[in-house]
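Open the model in your viewer and keep the sequence panel visible. The stops below say what to select and what is there.

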Amino acid sequence: MAAASKIFRAKKIVPGKVSGPALVTRGCLSFQGFIDPKRGVFSAPVTELQGASFVGAVLIFTSGKGPSVGPSVLDLACRFGNAPAAIINLEIDPMIVAGCALQNIPLVQVKDSGIFDQVKNGDIVTVDADRGEVTISK
Amino acid sequence: MAYKKEKMQLNGEQRKILDGKEGKILQEAMESLIKYGTAMGAREFIRISSAHTLFTLRSKVARCFLPRGVLLTKEDIDKFSKEIIGTQVRVKTTVNPGAIDREKWQQMGAEEATYNSVMQTVEIGKRCGFMMTYTCIPYLTDNIPLIGQHVAWSESSAYLYINSFLGARSNRDSCEISLYSSLLGIAPNFGLHLDENRRGTDLINVQCELKGPIDWGALGYFTGDRVGIGIPVFKNLRRPTTEEAVQLSASMSSSGAVPMLHIVGVTPEAPTIETAFRGNTPRQTYIFDESAKGEVYQLLNYKPEGKVDIVFLGCPHATLYEIKEIARMLEGKHVANDIRLWVMTSSSIRASAEQLGYAEIIEDSGGELFADGCFLCYYVNAPNKKPKMDRIATNSAKQAFGARRSFNSNVFFGDTERCIQIAIDGGA
């Protein structure tokens, strides 16, 4: 396993340790308008993730963007049992931080954009915020 | 152990609130602000002088305070609504547009149940001391911060505008965070509250003429998309009108996560390009020229040719001047039968527009002047009430992007004059 896995250094933003399948986009996302909280899927036609389920996934994207109701939509998704497992961002947007901090969803910052070349949808990713590590198992 | 060390410093009063001595609602607000502040690297709180937040539906407010991860019943929300009435905001607080027009809700397709629920929320908000303005441009009318004031503001165009054009200090706060801050009168001290984080990070060199608010919207869209998270500094940019500054701010936070911008000679903190960057070397320089502008128009005009169902103006809420201009363009003309013309604004601005006769002109022509609400916010939450909007026409880059993203609408994005011409000529 060790030979086939890839480790990235990460900065803890919201603590926790969790594993899940990766869901990846190089784009920037907002929960407002991009997701259907009730169905747990990306719904907007403006993202390549349209149709993909984020429930239990480790979401990897460049950063948050967009309106200030984003965290409220994430809250609703969590109430429907549709929480993502963790979020990995390259840059830190207060909207994603507020969303994760209030829902206790581990959030880390990985500054190395090389992560996008090493991970594809469905790879199992372990986020260990407290140790400052992201592990991608192939 | 290490985690404990990172925790925020609290004073006696804040500690009391955290320990629950001032009730469960303030305790939840304090715990949440500590979680958020800790994650953002804040070490202490700072006093704020105002807030702008969301207080639109009881369920949304209740969700900020009641246990996470579970669905709330009507009983939970009713019980919470009684509890929160005992709580008072500690600072001047206005609220963002919510669901519906408090007077003309029927024309928006809303049901009486929604109206009743909104009016209950208004009553609760008033009793808690919120100014139930339901506007996204409070910074022009009801809540105008001054240079150097620390505040906690939500709403895309709003924090950008007050940081960049008024010199006030707010982070890009989400609705929950500004709500907690309004009740506690404090914000975690990080980000744009601190001088060093207000410096420019990226340079935008403008090499084309900007003709009116929509060109500024296009520039904002371009900038947010390129800069992502950062503070752009604009070079070769003329002084905007108020309406142009609003469009620039609003569109930039639809496409990106920009909390502040510097226009040299306009932004209070940027009399020169050197003061805008204050020692920072720009990470990137982007050129906004005719071809870049053309690309934004091409992107926001999504299948623009064909029958338009609704012409939508007033995102962010129309200013009194914009309403005056819309009335001037509509005077003596008629909106075609097969199309709707909707103009959104705040209650306080509509009251002025009524007094000055602009509202009557718009309504006589067959258009609607709505207040309080937001077309996008309402129909996202009530999709079954959504009128036909297979194609909309709008003068707002934020709305153009939002309607495409949230309603899958085709979009004509053009200036106010062209939008009104579409309304008069009919949908075709």
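**Stop 1: a helix in chain B**

Select helix α8(B) and colour its buried residues, which are C175(B), E176(B), I177(B), S178(B), L179(B), Y180(B), S181(B), S182(B), L183(B) and L184(B). A residue counts as buried if 20 or more other C-beta atoms lie within 10 Å of its own, as exposed if 12 or fewer do, and as partly exposed in between, with C-beta atoms placed from the backbone. The helix covers residues 175–184, and 10 of its 10 residues are buried. Helices (H or I, at least four residues) and strands (E, at least two) are DSSP runs, numbered from the N terminus. Now select G185(B), just after α8(B): its phi is positive, about 75°.

This is a predicted model, in which local features need pLDDT of at least 70 and side-chain atom pairs count only at pLDDT 80 or more, while totals for chains, interfaces and linings use all residues. Residues are numbered from 1 along each chain as its sequence is written, and chains are lettered from A and ligands numbered from 1 in the order in which they are written.

**Stop 2: the four-strand sheet of chain B**

Select β8, β7, β6 and β9 of chain B, which form an open sheet in that order with parallel pairing. Two strands pair if DSSP finds at least two bridges between them. β8 (262–263) and β9 (285–288) of chain B are the edge strands; each has a single partner strand, so one side of each is left without a neighbour in the sheet. Between β6(B) (residues 202–206) and β9(B) there are four bridges. Select I204(B) to find one end of a bridge; its partner in β9(B) is Y286(B). Add helix α9(B) (residues 213–227), which packs on the sheet and touches β6, β7 (232–235) and β9 of chain B; its direction makes about 155° with that of β9(B). Axes are lines fitted to C-alpha atoms, for helices over the stretch in contact, and angles run from 0 to 180 degrees between N-to-C directions.

**Stop 3: two helices side by side**

Which angle do α10(B) and α17(B) make where they pack? Select residues 242–255 and 397–407 of chain B: the angle is about 30°, and the axes are 8 Å apart. That makes α10(B) roughly parallel to α17(B) (under 35 degrees; over 145 is roughly antiparallel, 65 to 115 roughly perpendicular and the rest oblique). On the α10(B) side, the residues in contact include Q247(B) and A250(B), and on the α17(B) side they include F401(B) and G402(B). Two residues are in contact if their C-beta atoms, placed from the backbone, lie within 7 Å.

**Stop 4: chain A**

Select chain A, which has three helices and 12 strands. Its C-alpha trace spans about 40 × 25 × 25 Å along its principal axes. Of its 138 residues, 54% count as buried. Eight strands of chain A form an open sheet in the order β1-β12-β11-β3-β7-β9-β10-β2, with mixed pairing. β1 (5–9) and β2 (11–14) of chain A are at the edges, each with a single partner strand, so one side of each has no neighbour in the sheet. β2(A) runs antiparallel to β10(A) (residues 107–109), and three bridges join them. Select K12(A) and its bridge partner V108(A).

**Stop 5: where the chains meet**

Select the contact, which takes 31 residues from chain A and 35 residues from chain B. On the chain A side, the largest share, seven residues, comes from α2(A).
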